[in-house]
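Please look over the model shown here. This report covers its aromatic contacts, its nonpolar cores and one of its pockets.

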Amino acid sequence: MEKLWQQGTIALILVGILSDCNLAEPSPPSRFPQIGREKPRAQQPKPGTREPISSGTNNRNLLLGNPSNAAPSVASTDNYLMVKLQYVFSYNNKTQTANWVSWQLNRSWIGSADRQDNFRPDDALPDTW
């Protein structure tokens with residue numbers, strides 16, 4: 001009986017998690033807006049600044065957490081959190097690559113653009129790096 005209860009609890013948790021995921025196309029806007037239920041949006045970057053956008057705690061790309069506890073601090077040279085509008089990642093200054101990257105992907109992102117191969121340094125990195 002206890003095992004059945006545990007399995008039911010796990011199933012409810014998974015249903016709760018998956019119900020918040022948007023794996024299909026975005027649903028059309030409702031005719032009846034849900035007032036007071038809007039989630040806080042990630043802080044927008046200030047024009048002309050090189051500061052991180054936010055700590056990422058309210059970012060949709062970190063709904064499942066920050067896998068390495070990256071921080072937007074210059075002291076975190078091998079685990080520097082960078083929050084962009086479309087994605088979030090942990091940068092490693094020693095290897096000059098990302099440790100991990102997180103983004104949301106659904107049908108609305110699919111297009112017909114050709115590959116660009118237009119890689120360049122990120123201006124938002126600290127000047128000393």
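What follows is a short account of these three topics, based on a predicted model.

**Aromatic pairs**

A search of the whole structure finds 3 aromatic pairs. Two of them are set out below.

| Pair | Centre to centre | Angle between planes | Geometry |
|---|---|---|---|
| Tyr 80 and Trp 129 | 4.9 Å | 75° | edge-to-face |
| Tyr 91 and Trp 129 | 6.1 Å | 25° | stacked |

Start with Tyr 80 and Trp 129. Tyr 80 sits in strand 1 (residues 80-83), while Trp 129 belongs to the segment after strand 3. The pair therefore ties together parts that are 49 residues apart in sequence.

Now take Tyr 91 and Trp 129. The angle of 25° puts this pair in the stacked class, because planes under 30 degrees apart count as stacked. Tyr 91 comes from strand 2, and Trp 129 again from the segment after strand 3. This pair also links distant parts of the chain, 38 residues apart.

Together, Tyr 80, Tyr 91 and Trp 129 make one aromatic cluster.

How buried or exposed are the members? Tyr 80 has a relative accessibility of 4%, so Tyr 80 counts as buried. Tyr 91 is buried too, at 11% relative accessible area. Trp 129 has 24% relative accessibility and counts as partly exposed. The cut-off explains that label: buried means under 20%, so Trp 129 at 24% does not qualify.

**Nonpolar cores**

Which residues make up the largest nonpolar core? There are 6 in all: Leu 62, Ala 70, Leu 81, Val 83, Val 88 and Trp 100.

Another core lies apart from that one and has 5 residues. Among them are Tyr 80, Met 82, Tyr 91 and Leu 125. Tyr 80 and Tyr 91 thus appear in this core and also in the aromatic cluster.

**The second largest pocket**

The second largest pocket has a volume of about 470 Å³. It is lined by 15 residues. Closest to the pocket centre are Tyr 87, Phe 89, Arg 120, Pro 121 and Asp 122.

Which elements give two or more residues to the lining of this pocket? They are strand 2 (87-92) and strand 3 (97-103).

By class, the lining holds 8 nonpolar, 3 polar and 4 charged residues.

How values were computed:
Residues are numbered from 1 along each chain as its sequence is written. This is a predicted model: local features need pLDDT of at least 70, side-chain atom pairs count only at pLDDT 80 or more; totals for chains, interfaces and linings use all residues. Side-chain values use heavy atoms; hydrogens and water are left out. On a 1 Å grid over the protein atoms alone, a cavity is a set of points where a 1.4 Å probe fits but cannot get out, and a pocket is an open set with protein on both sides within 12 Å along at least five of seven lines; lining residues have an atom within 4 Å of a point. Grid points are joined across faces, edges and corners, and a volume is the space filled by probe spheres set on the points. Helices (H or I, at least four residues) and strands (E, at least two) are DSSP runs, numbered from the N terminus. Ala, Val, Leu, Ile, Met, Phe, Trp, Tyr, Cys and Pro count as nonpolar, Asp, Glu, Lys and Arg as charged, and the others, Gly among them, as polar. Rings of Phe, Tyr and Trp (its six-membered ring) pair if their centres lie within 6.5 Å; planes under 30 degrees apart count as stacked, over 60 as edge-to-face and the rest as tilted. Buried means under 20% relative accessible area, exposed over 50%, partly exposed in between (1.4 Å probe, protein chains only). A nonpolar core is a set of buried Ala, Val, Leu, Ile, Met, Phe, Trp, Tyr and Cys residues joined through side-chain atoms within 4.5 Å.
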